[in-house]
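Student: I would like to learn how to read a structure feature by feature, with the general idea first and the particular case afterwards. Could we begin with how strands are paired?

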Amino acid sequence: MTYPIPDQLIRALHTAAKILCVSHVNADGDAYGSVLGMTHILTRIGKQVTAAMPDPVIPDFSFLPGADAIIKPDAVADDYDLIVCLDMSSADRMGAVFDPVRHDAIPLVVIDHHITNTNFGQVNWVEAGCAATSQMLVSLAGALGVELDQQIAQCLLTGIVTDTLCFRTSNTTPEVLEAAMHLQRSGVNLADTVRRTLNRAPFSTLPLWAAVLADARLQEGVVWVTVSQAQLRAAGHADDDSRLNSILASINEADTSAIFTEKITEQGERTVECSFRAKPGFAVGDLALRLGGGGHAPASGCTLAGALDEVVACVVPMMIEERRRQADAEQRA
Ligand code: 5GP
Ligand code: MN
């Protein structure tokens, strides 16, 4: 199935010659997949396209075609005709790629699937019913008359596979499977894509998970863990691992889950990255939005200032309250 694509979006893409494609900080597979997929699609229709990401490309996604050409914020020019913002709900998610002063006059086009999208572009195409931004680009390629080739398909299937945890999330509709089928028929290997994205982790992950999971907590249908900088350092990891989410989300006694990861900013400030998940019938999107973040009903997140224990003490009661309210509403229904 194709989704209604705003005429304005198609016009904006056709009119522009020099285009910047950008996705979000703390990028995931759909961020890389959609930004690179879009770059390939626009290149096929003769555009001069650059892909930029706020953070350095993480090695897990360096296999994607075009990943080596992604530029850093300091290499971003200021003479683009158009900036295409992919897989992000608000402009701040572009990090240092977007400079409000240098880029003030450049129109923004938003292509996204977050229900929390703020419609921050001049043109906004937001499909909250899509499981991945990469899924939307399958339709867009069709509308632009671009045939899905192996390069495009590899990028877009990676986005769909990672955002749906390999077709396991509650938003995996027949349309998602249809889009994936088109991509698979275009020459990309599904099993290989899963092996390169979801089914891989260095051995050092095991002691990290062991340490983190040993202190997992469960209260009133909410399960959570904390990941400290000390634990990450001891395991030799620079970052947390979103795969832990799948483990927490599978716990029978819990309806919602959270991973709280301690971060130290470049300025030395302590922040905590919160990653939320909800089982079907429950939602964590509103919670993240209230806390200044965003996401979807089944998966959302935010970053809060403060020490790990302070943030946990503040957020967990909110999660418990929210989950209780949703469980009551479910019972009454
Ligand atoms: P994850 O837990 O995998 O990092 O993120 C889950 C979902 O929440 C993703 O769709 C991601 O884009 C969104 N998300 C995570 N952190 C933030 C945040 O700080 N701000 C916003 N707006 N969205 C977030
Ligand atoms: Mn996404």
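Tutor: Please keep in mind that this is a predicted model. For strand pairing, one looks at the sense in which two strands run and at the bridges between them; here β4 and β5 pair in the parallel sense, over 4 bridges. As one example of a bridge, Val110 has Asn124 in β5 as its partner.

Student: Which way do the side chains of β5 point, and which of them are buried?

Tutor: In a regular strand the side chains alternate between the two faces of the sheet. Along β5, Val123 and Trp125 point to one face and are buried, whereas Asn124 and Val126 point to the other face and are not buried.

Student: How many bridges join β1 to β2, and how does the chain get across?

Tutor: These two strands run parallel and are joined by 5 bridges, with β2 covering residues 48–52; within this pairing, Leu20 has Thr50 in β2 as its bridge partner. The chain passes from β1 through α2 to β2, and the resulting β-α-β crossover is right-handed.

Student: Now to the metal: which residues coordinate the manganese ion (ligand 2)?

Tutor: One reads such a site by listing the donor atoms and then asking where they sit in the chain. The manganese ion (ligand 2) is coordinated by the OD atoms of Asp30, Asp87 and Asp163 together with NE2 of His113, at 2.2 to 2.3 Å. Along the chain, these donors follow the spacing D-x56-D-x25-H-x49-D. The pair Asp30 and His113 links distant parts of the chain, 83 residues apart, since Asp30 lies in helix α2 (residues 29–44) and His113 in the loop between β4 (108–112) and β5 (123–126).

Student: Are Asp30 and His113 buried or exposed?

Tutor: Both Asp30 and His113 are buried.

Student: Where does a positive phi occur in a residue other than glycine?

Tutor: Most residues other than glycine have a negative phi, and most peptide bonds are trans. Here Asn26 has a positive phi, near 55°, and is found in the loop between β1 (18–22) and α2. Phe167 also has a positive phi, near 65°, and its place is in the loop between α4 (150–163) and α5 (174–185).

Student: Why does Asn26 count as partly exposed?

Tutor: Partly exposed covers the range between the buried limit of 20% and the exposed limit of 50%. Asn26 counts as partly exposed because its relative accessibility is 37%.

Student: What lines the second largest pocket, and how much space lies in it?

Tutor: A pocket can be read through its volume, its lining residues and their classes. About 300 Å³ of space lies in the second largest pocket, and its lining includes Gln229, Ala238, Lys263, Glu266 and Thr303. The elements that give two or more residues to this lining are β8 (256–264) and β9 (270–278). By class, the lining of the second largest pocket has 2 nonpolar, 5 polar and 3 charged residues.

Student: How many cavities of 30 Å³ or more does the structure hold, and what lines the largest cavity?

Tutor: The structure holds 1 cavity of 30 Å³ or more, and about 30 Å³ of space lies in the largest cavity. Among the residues that line the largest cavity are Val223, Leu248, Asp255, Arg277 and Lys279. The elements that give two or more residues to this lining are α9 (244–249), β8 and β9. The classes in the lining of the largest cavity are 5 nonpolar, 2 polar and 3 charged residues.

Technical notes:
Residues are numbered from 1 along each chain as its sequence is written. Chains are lettered from A and ligands numbered from 1 in the order in which they are written. This is a predicted model: local features need pLDDT of at least 70, side-chain atom pairs count only at pLDDT 80 or more; totals for chains, interfaces and linings use all residues. Side-chain values use heavy atoms; hydrogens and water are left out. Donors are N, O and S atoms within 2.8 Å of the metal (3.2 Å for Na, K and Ca); water is not among the atoms, so sites may look incomplete. Buried means under 20% relative accessible area, exposed over 50%, partly exposed in between (1.4 Å probe, protein chains only). On a 1 Å grid over the protein atoms alone, a cavity is a set of points where a 1.4 Å probe fits but cannot get out, and a pocket is an open set with protein on both sides within 12 Å along at least five of seven lines; lining residues have an atom within 4 Å of a point. Grid points are joined across faces, edges and corners, and a volume is the space filled by probe spheres set on the points. Ala, Val, Leu, Ile, Met, Phe, Trp, Tyr, Cys and Pro count as nonpolar, Asp, Glu, Lys and Arg as charged, and the others, Gly among them, as polar. Two strands pair if DSSP finds at least two bridges between them. A crossover is right-handed if, with the strands pointing away from the viewer, the path from the first strand over the helix to the second runs clockwise.
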